[in-house]
Structures are given as structure tokens and as C-alpha cells.
Amino acid sequence: MGLIDFILNLAALSLWLSWRSHHLDPLARPLPVTLVGTLRRAERRRLEGWLFLPGLLLLLALRALLYREIGAPAGWNPKLDLGPVVLAFRSDLLLPSLAYSALSFLRVATVFYFWLLVLVNRGALQPDPIQKLVRLQLGRLGRWPWPIQLALSIGWVLFLWVSFQPVLVRLGVITPVHTWAHLLEQGLLIWAALLLSLKYLLPIFLLLHLVASYVYLGSNPLWEFISATATRLLAPLRPLPLRFARLDLAPVLGVILIFLLLDWMPGFIILKLAQQNLSLWPQ
């Protein structure tokens, strides 16, 4: 069931991205007063772009029904891992299944767009095709300074947590908090878990960049995007003497630092708190 849930989340994200791409496509709604407006697509579209969004909503509703029908007989209860807290939902009732279906998709979409914010190259004058796709999905947000993007990502997570908190309390998923300070602290901890999710993304770019530095893999926009992203990520390590002849240890050190900062250190802090019978999650 966990694998099915993951695949359905990817399908829902694909529908959302398809709707976004069609919505932002200059050829989807051509303007006759411009050169682009004179162009028409040669193929006949079988599916109008606006149907992607209702299709997404239908998918989220249908999978909630699926979980209600087969979740309980299979002994499976959906759980939403938010980092410092894991939310468990009942699969034998429709409303908890619907809440889980919506929140699970929102979690995947939030992680995806947060990763895009990290990957966007703000200094590129002539972005490569992959970078153009990233900017297309982010829209104007991709061109804003990173402090504003950071603040907006925090605000978005806080907004979702504060908005869904009464629903989760009513469904018996979480217990109510006593103060607004605790509620905001919970939201910040969930955002911190979002930040820590970069440990799954950044090492991939650094290791692929390391391989591409010594093995010629041809000219491809994907490798150009990986190289540009890895070079930007390794910029703080540039002053260090990490190159020996043709051997560059910067990507290796970058992966080690990411592991220490985003994986080992949070786990060490949680372990120390547990040894003192303390919890990071405010009640």
C-alpha cells in the first residue's frame, strides 16, 4: 500500500505540473497581435489543459475511497511523516481518508517546489532548457531574491499547518495545542524537516557532477544543468585547497558536509533529547 500511495502521489503531481505547464504555455492561448499568437499547434489535443485540474481532484477523491475500501481489510492505516511528528489516519472512515489524500499530495508538492527553489540558478543570463522548465514552474517566484523565497516557504508551511490543525484535531489525528506559540513552533519544526529533505537531493547532483567531471557523457542539457547546479552548491568550498592535480575532492567533501548537517546532527540532537526524556515536538 505504501508503494501504491507513492505512485498515486507522483501521478497527482504529474497532473498538477501538466496543468501548470499548459496554463503557462504561450502557445496554449495565443494572442493574435504577437508573432507567437500567429502560431498554432499542428497536433490535435485529445485532452484540454483545463481538465488536468479536475482530474487531479478526482484522483485525490478516488484514492481516498480506495483507501477506505481496502485499507482496513489489509490492516493498513495511512501515515503522514512530517519529520518531527508522524500523523496516523483511520482508513475505515471517509473523512480521515480524504484528509490524508489531500495532505499527502500537498506534502509531496511542497517538497517538490521547495527543491525547485533550491535548484533555480538566479544568476544565469542564458539558462539551459532544464533551467527554463524550472523557472516555468516557479513563475515569478523563481526570479525573486532567495531571502524572500525562504520567507515564503516558511510562511506557506505555517499557513498549511495552521489551516489544517482544526481539521486534524476534529478527526482525532492530533491533540489541540494550548497556545499560538506552540502552534507556530510546530509549524517551524515541520519546515525544518522540509529543509532537511535536501539531504536526498543535493548529494545526487554532487555525485553526478563528480562522475561527469571524469567521464565524458556527451553534450546534453541535463548534464549542463547538473554541472551548473553542483558548481553553485560548491561555491562556498572554492577557497579551500581541494584540488590535487586532476583530482577534485570538493564534491566528496560537499556530500560529507550535507550528511553531517542534514542527517547526522539532527539525529544526534533528537537522541540527546530522548536520553533526557525530552521531546522536540511541543504539546
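Here are legends for a few close-up views of this predicted model.

Some ground rules come before the views: residues are numbered from 1 along each chain as its sequence is written, and side-chain values use heavy atoms, with hydrogens and water left out. Because the model is predicted, local features need pLDDT of at least 70 and side-chain atom pairs count only at pLDDT 80 or more, while totals for chains, interfaces and linings use all residues.

**View 1. Trp 16 and Trp 19 form a tilted aromatic pair.**
Searching the whole structure turns up 10 aromatic pairs. Here the ring centres of Trp 16 and Trp 19 sit 5.3 Å from each other, with 35° between the planes. (Rings of Phe, Tyr and Trp, using the six-membered ring of Trp, pair if their centres lie within 6.5 Å; planes under 30 degrees apart are stacked, over 60 edge-to-face, and the rest tilted.) The two residues are three apart in helix H1 (residues 2–24), so about one helical turn separates Trp 16 from Trp 19. (Helices are DSSP runs of H or I with at least four residues, numbered from the N terminus.) Trp 16 is partly exposed at 24% relative accessibility, and Trp 19 is partly exposed at 21%. (Buried means under 20% relative accessible area, exposed over 50%, and partly exposed in between, using a 1.4 Å probe and protein chains only.)

**View 2. Phe 112 and Tyr 113 meet edge-to-face.**
Their centres are 5.5 Å apart, with 90° between the planes. Phe 112 is partly exposed, with a relative accessible area of 24%, whereas Tyr 113 is buried at 17%.

**View 3. Trp 161 belongs to the largest nonpolar core.**
This core has 57 residues, and Leu 87, Phe 89, Trp 161 and Leu 168 touch the most other members. (A nonpolar core is a set of buried Ala, Val, Leu, Ile, Met, Phe, Trp, Tyr and Cys residues joined through side-chain atoms within 4.5 Å.) Helix H3 (residues 94–119) supplies the largest share of the core, 13 residues. Leaving out residues up to four places away in sequence, Trp 161 touches several residues, including Leu 82, Ile 174 and Trp 281. (Contact means heavy atoms within 4.5 Å.)

**View 4. Gln 131 is tucked into helix H4 (residues 129–138) as a buried residue.**
Gln 131 has just 2% relative accessibility, so it counts as buried. Setting aside neighbours within four places in sequence, Gln 131 contacts Leu 119, Val 120, Asn 121 and Phe 225.
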